[in-house]
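Here are some notes to read alongside the model, for anyone opening it for the first time. Keep the viewer open and jump to the residues as they come up.

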Amino acid sequence: MPTVLRILDANANRAREALRVMEEAARFVLDDAALSGAIKSLRHDLAAALALCPGLAQGVLEANRDTPGDVGVTIKTTSEGQRDDLLAVAIAAGKRLSEALRVMEEYGKLLPTSKTTPDALQPSAFAPPLSALRSPPAALSAPLSALPSPLSAFAPSLEALRYRGYELEKRLQLRLASTRCRQWKLCVLISASLCPDHDWKRVAQAVIEGGGDCVQLREKELDSGELLDRAVQLVALCRPHGVSVIINDRPDIALLAGADGVHLGQTDMPVSQARKLVGRQLFLGISTHRMEHATAALQQGADYCGVGPMFTSTTKHKDLIAGPHYLHDYVAWGRLPHLAIGGITPENLDALQAVGARGVAVSSCVCASPQPAHVVHRLMTALK
């Protein structure tokens, strides 16, 4: 039993540390009170499980701790000593949490059995109900005190905590993934039909020459083969210059072409479903027309939002013009990067800058211009 207690102690410490790392990310990086509270709740419920489960009187785990005698203390891997970004920190913490809870669950089965679980182990108000999680088996949607016996009180408690940990890990990763996205200054949406004076590829070259930092390929009428070929050409043209390439509507084409992201509309595939296809390989953006759309985009794991339409556009008819007041509210909200879009030209850009615009998306004013590089340069100069 002392060996089991040493294992439980080491993994209890590991789980608490992982939860604290996750909580600080939600609290200080994301300013997300709900997510921070849910992680804190799990941390406290873990402490309750450790303090109240049968066979683990107060101080027992600590008394069995033997750090100097732990042969694993000096075993390190190269990856442990480096993290690429905040997301990598959160991913490592989430994996460490699930591993530690699983170890405690398995070794906890060696503890004395009990037919009941103390009420203090019930999930707190901060945590989502277990019945709301899809992963756990049906038995775990019931209160922990109702679990069938004979079972160890400790092991099923840890199992329930582990499933809650999976869900919190997912939520934290989706939220932190959006912090990787660039705040582009100017994205030019390229459609061959809107380029009467130039080949579409010449317009893309003009975006690069004028200093633009993003292009979006928007071709709804092309078949998949031709669209993929055009996307591959665009990536090859833009990548050496550090210009991002976004593909409209098609996550599959974006992945195959090696693009940076995909942009979706409100009636396209939901962001949450697209994320299942692309993981973190692509940035996911979505068009939004009001704050309800923006908050939903954040919860689904979007990386940035198109915000508009700002003005009446000749490119795409919209019955409702959101206008600069929506952009003002979005900028004040400040949770995701944005590209204001819809009828934007160098002449009306001041109205958007007045409400805090940091990035805009345009189409006709560049594609249809006899001098597209000059228009791009004017827009970028104004945005600086």
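**Notes on the predicted model**

1. Let's begin with a small spot, Asp32. Keep in mind throughout that this is a predicted model. Setting aside residues up to four places away in sequence, Asp32 touches Ala26 and Arg175. With Arg175 there is also a polar contact between the side chains, at 3.3 Å. You'll find Asp32 in the loop between helix 1 (2-29) and helix 2 (33-52). Is Asp32 buried or exposed? Its relative accessibility is 13%, so Asp32 counts as buried, the cut-off being under 20%.

2. The residue just before it deserves a look too. Asp31 is found in that loop between helix 1 and helix 2, but Asp31 counts as exposed because its relative accessibility is 53%. Its phi is near 55°, a positive value in a residue other than glycine. As background, most residues other than glycine have a negative phi, and most peptide bonds are trans.

3. Two more backbone oddities are worth checking by eye. Asp249, in the loop between strand 3 (244-248) and helix 8 (251-257), has a positive phi of about 75° although it is not a glycine. Then there's the peptide bond from Gly308 to Pro309, which is cis, with omega near 0°. Pro309 is in the loop between strand 6 (304-307) and helix 11 (324-333).

4. Now zoom out. The chain has 14 helices and 8 strands, and 48% of its 384 residues count as buried. Among contacts with a separation of 6 or more, 67% are between residues 24 or more positions apart. The accessible surface comes to about 18100 Å², and carbon and sulfur atoms account for 54% of that.

5. What sits inside? The largest nonpolar core has 60 residues, and those with the most contacts inside it include Leu186, Ile344, Leu352 and Val360. Helix 7 (residues 224-238) gives the most to this core, with 6 residues. A second, separate core has 36 residues, including Leu19, Ala38, Ala100 and Ala177.

6. Leu352 is a handy place to start exploring the bigger core, as one of the residues with the most contacts inside it. Which residues does Leu352 contact, leaving aside neighbours within four places in sequence? They are Met310, Phe311, Pro324, Leu327, Ala340, Ile344, Ala357 and Val360.

7. There's some nonpolar material on the outside as well. Phe28, Val29 and Leu86 form a surface patch with about 280 Å² of accessible area together. Leu86 lies in helix 4 (residues 86-108) and counts as partly exposed because its relative accessibility is 45%.

8. On to charges: a search of the whole structure finds 19 salt bridges. One of them pairs Asp9 with Arg65, the closest N and O atoms being 2.7 Å apart. This pair links distant parts of the chain, with Asp9 in helix 1 and Arg65 in the loop between helix 3 (60-63) and helix 4, 56 residues apart. The two ends have different surroundings: Asp9 counts as buried at 4% relative accessibility, whereas Arg65 is partly exposed, with a relative accessible area of 38%.

9. Another salt bridge joins Arg162 and Glu105, with the closest N and O atoms 2.8 Å apart. Arg162 lies in helix 5 (residues 154-177) and Glu105 in helix 4, so this pair ties together parts that are 57 residues apart in sequence. Arg162 is buried, at 4% relative accessible area, and Glu105 is buried too, at 3%.

10. For a local pair, try Arg230 and Glu226, whose side chains meet in a salt bridge (3.5 Å, N to O). Both lie in helix 7, 4 residues apart, about one turn of the helix. Arg230 counts as buried, at 11% relative accessibility, while Glu226 is partly exposed, with a relative accessible area of 39%. Elsewhere, salt bridges that share partners join Arg102, Glu105, Glu106, Lys109 and Arg162 into one network.

Conventions: Residues are numbered from 1 along each chain as its sequence is written. This is a predicted model: local features need pLDDT of at least 70, side-chain atom pairs count only at pLDDT 80 or more; totals for chains, interfaces and linings use all residues. Side-chain values use heavy atoms; hydrogens and water are left out. Helices (H or I, at least four residues) and strands (E, at least two) are DSSP runs, numbered from the N terminus. Buried means under 20% relative accessible area, exposed over 50%, partly exposed in between (1.4 Å probe, protein chains only). A polar contact is a pair of N or O atoms within 3.5 Å; within protein, one must be able to donate a hydrogen and the other to accept it, and residues adjacent in sequence count only if both atoms are side-chain atoms. Contact means heavy atoms within 4.5 Å. Patches are made of residues with over 30% relative accessible area and no salt bridge: like charges are joined within 9 Å, nonpolar side chains (Val, Leu, Ile, Met, Phe, Trp, Tyr) within 5 Å. Accessible areas come from the Shrake-Rupley method with a 1.4 Å probe; for residues, only the protein chains shown count as cover. A salt bridge is a side-chain nitrogen of Lys or Arg within 4 Å of a carboxyl oxygen of Asp or Glu. A nonpolar core is a set of buried Ala, Val, Leu, Ile, Met, Phe, Trp, Tyr and Cys residues joined through side-chain atoms within 4.5 Å.
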